[in-house]
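Colleague: I have a new model open and would like to learn how to read it. Can you take me through it step by step?

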Amino acid sequence: MDNTSDTTSGGADRSSAARITLVGRPGCHLCKMAREVIRGVAEDLDVTWEEVSILDLRDPDPLWWEQLPITLVDGEQHDYWRVSASRLRAALASAPTPAHA
C-alpha cells in the first residue's frame with residue numbers, strides 16, 4: 001500500500017507523520033470502503049496516510065468501538081463510519097500541515 005504503514009503501538013494520542021489515519025479493525029466492511037476513499041484522496045493531494053487497528057491502540061476512546069472506521073486528520077477525529085471524499089479534501093485544505101502547526 002503506497003503512503004501507508006501499519007502502526008502497532010501507541011494510543012489515540014500518538015503523534016504521526018501521516019496527515020490521515022484510518023482506525024479500523026480486521027474484517028470491517030466499512031473500513032474497506034473508507035480505505036479506498038482515503039487512498040484516492042491521499043494520492044490526489046499527495047499526502048501521507050496510515051491505517052491502524054483499534055486492537056493495537058492503547059486506551060482508544062471507548063466510543064470508537066461503536067464508530068469504526070474512524071478517520072483522523074492530523075491526529076484529530078474527522079469522521080466515522082463513512083468517509084466523504086469532499087469533506088476529507090476540505091479538512092486537509094483547511095488544516096495547517098504538521099510542519100506549520
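Modeller: Gladly. Start with burial. Of the 101 residues in the protein, 42% are buried. Keep in mind that this is a predicted model.

Colleague: What share of the exposed area comes from carbon and sulfur atoms?

Modeller: The protein exposes about 5900 Å², and carbon and sulfur atoms supply 51% of that area.

Colleague: Next, the elements. How many helices and strands are there?

Modeller: Three helices and four strands. Then read them in sequence order. Here the pattern is β-α-β-α-β-β-α.

Colleague: How do I read the sheet?

Modeller: Ask for the order of the strands in space. In this open sheet of four strands, the order is 2-1-3-4, and the pairing is mixed. Then look for the edges. Strand 2 (49-53) and strand 4 (76-80) are the edge strands, each pairing on one side only. Now the twist. On average, neighbouring strands are turned by 25° against each other, direction ignored.

Colleague: Which strands does helix 1 touch?

Modeller: Helix 1 (residues 29-45) packs on the sheet and touches strand 1 (20-24), strand 2 and strand 3. Compare directions too. The helix 1 direction makes about 170° with that of strand 1.

Colleague: In what sense do strand 3 and strand 4 pair?

Modeller: Strand 3 (residues 70-73) and strand 4 pair in the antiparallel sense, over four bridges. Take one residue as a marker. I70 has Y80 in strand 4 as its bridge partner.

Colleague: Y80 carries a ring. How many aromatic pairs does the structure hold?

Modeller: One. Y80 and W81 form it, edge-to-face. The ring centres are 4.8 Å apart, with 70° between the planes. The label follows from the angle, because planes over 60 degrees apart count as edge-to-face.

Colleague: Why do Y80 and W81 both count as partly exposed?

Modeller: Use the cut-offs. Partly exposed lies between buried, under 20%, and exposed, over 50%. Y80 has a relative accessible area of 35%, so Y80 is partly exposed. W81 is at 43%, so W81 is partly exposed as well.

Colleague: And A17, buried or exposed?

Modeller: Exposed, because its relative accessible area is 72%. A17 lies in the segment before strand 1. Now look across the chain. A17 and T48 are 31 residues apart along the chain, yet their C-alpha atoms are separated by 7.6 Å.

Colleague: How do I read such long-range links for the whole protein?

Modeller: Take the contacts with a separation of 6 or more. Residues 24 or more positions apart account for 68% of them.

Definitions and conventions: Residues numbered from 1 in each chain as written. Predicted model: local features only at pLDDT ≥ 70, side-chain atom pairs only at ≥ 80, totals over all residues. Heavy atoms only, no water. Pairing = 2+ DSSP bridges. Helix = DSSP H or I, 4+ residues; strand = E, 2+ residues; numbered from the N terminus. Axes fitted to C-alpha atoms, helices over the stretch in contact; angles between N-to-C directions. Contact = heavy atoms within 4.5 Å. Buried < 20%, exposed > 50% of the residue type's maximum accessible area, 1.4 Å probe, protein only. Areas by Shrake-Rupley, 256 points an atom, 1.4 Å probe, with all protein chains shown as cover. Phe/Tyr/Trp six-rings, centres within 6.5 Å; stacked < 30°, edge-to-face > 60°.
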